[in-house]
Amino acid sequence: MTPKTTVKPRKKWIVDDDGARNFRTSLSSVDWGAFSVMHCNADVAVISFQELFLATAKDCFQLRSVGSRRPLRPSLSATTVESQRKSRGAFQKWRREKDSKDYDAGRESEIRSKRLIRADRYRKLRTIASSSKRNQRAVWQYLEKNTVSNPLPPIPIPGSEDRYLVHPQDKAYHISTVLAKEYVDCSAHCSQQYKSLPCRITPPSSVHCPELQISTSSILSIIRKLDARKAAGFSLITNHLLKIAGTTIIYPLSTLFNLILLSGKFPTAWKRADVVAVPKKGGFPFRPISLLPPLSKLFEKILADHVTHFLDGNELYSDSQFGFRRQWSTEMQLLQVCH
């Protein structure tokens, strides 16, 4: 079902070389030492730093509103998506109230949606066929973008001859029930074939993670690895601005991050996230993603690197831990289980 979301225009910085030089010069002229002494509260320090950073950016760059694209399925038109939404709503209403009028309305909307989908495909294929004369990769690009796997066919209901499971949720529930009932572990062969992996456990009192003192070099190394194309959500401080600032803000950021560690409280301004519905590639469902402030992600990357380095250095990872580890994958786990 297509979510009824309101697409708002996003803000974009217009960056040029002269503005970048003025931006770095203005940031380097700020007395960051006096700024750090004035703030002893993490929340106030974060807000003050962001306001000062944005004020400097607005003096050097232009901030324009750019219209966002519609969060619709890329391969369908807005009319087709709206027809599918009405069909879905009519069927849901029929399942609640069992009114035949709602079922008929849903069937009519479904037939109309299929007709619109066929018309859209014919129009796009005709466009692709005409453009392939100029671009040989046009057909391949269209297939790569819009081809999807076929859905599961209707599943016959056990004990019935003319009744089927059609709704995706009903089919998923039926498949999970059958798997849980028929394909459970048995003591005859499963326990011998899939042996449990050894687990290494270290007593908590043996090794302690050292306290983290964030340095300017660690901040600079992570800033240089940031992707400037990443969206920043509601925050106007983008990765592109952080990379342009470079060495001019590593000292105030190190003081700010160490203040957060000393207070033991994550800033309230960094707990907000913009949830955006992104259409899956060539498919109808959507997946939500959360756009976090770049400064909070920068701080979290430093913490993650510190904890990961400590766990790897002291060999505290379990032998069965394959997820969320560098140069490890679930395929290695599968090979280890098979052998």
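Helix pairs whose axes meet at 65 to 115 degrees are classed as roughly perpendicular. In this predicted model, helices α9 and α11 pack at an angle of about 110°, with their axes 9 Å apart, and are therefore roughly perpendicular to each other. The crossing of the two helices is right-handed. On the α9 side, the contact involves Thr216, Ile219, Leu220 and Ile223, which meet Ile250, Tyr251, Leu253, Ser254 and Phe257 of α11. Seven of these residues are nonpolar and two are polar, with no charged residue in the contact.

Helix α9, spanning residues 216-224, also packs against helix α12, which comprises residues 294-313. For this pair the angle is about 115° and the axes lie 10 Å apart, which makes α9 roughly perpendicular to α12. Here, too, α9 crosses its partner in a right-handed manner. Ile219, Ile222 and Ile223 of α9 contribute to the contact, together with Leu298, Lys301, Ile302 and Asp305 of α12. By class, five nonpolar and two charged residues take part, and no polar ones.

The segment preceding α11 was examined at threonine 248, a residue of the loop between α10 (239-245) and α11 (250-263). Because its relative accessible area is 15%, threonine 248 is classed as buried, the cut-off being under 20%. A polar atom of the threonine 248 side chain is placed 2.7 Å from the backbone oxygen of alanine 245. When neighbours within four places in sequence are set aside, threonine 248 is in contact with Arg24, Leu27, Ser28 and Trp32.

Key:
Residues numbered from 1 in each chain as written. Predicted model: local features only at pLDDT ≥ 70, side-chain atom pairs only at ≥ 80, totals over all residues. Heavy atoms only, no water. Axes fitted to C-alpha atoms, helices over the stretch in contact; angles between N-to-C directions. Helix = DSSP H or I, 4+ residues; strand = E, 2+ residues; numbered from the N terminus. Parallel < 35°, antiparallel > 145°, perpendicular 65-115°, else oblique. Left-handed = near helix turned anticlockwise from the far one by under 90°. Contact = heavy atoms within 4.5 Å. Nonpolar A, V, L, I, M, F, W, Y, C, P; charged D, E, K, R; others polar. Buried < 20%, exposed > 50% of the residue type's maximum accessible area, 1.4 Å probe, protein only. Polar contact = N/O pair within 3.5 Å; in protein donor to acceptor, adjacent residues only side chain to side chain.
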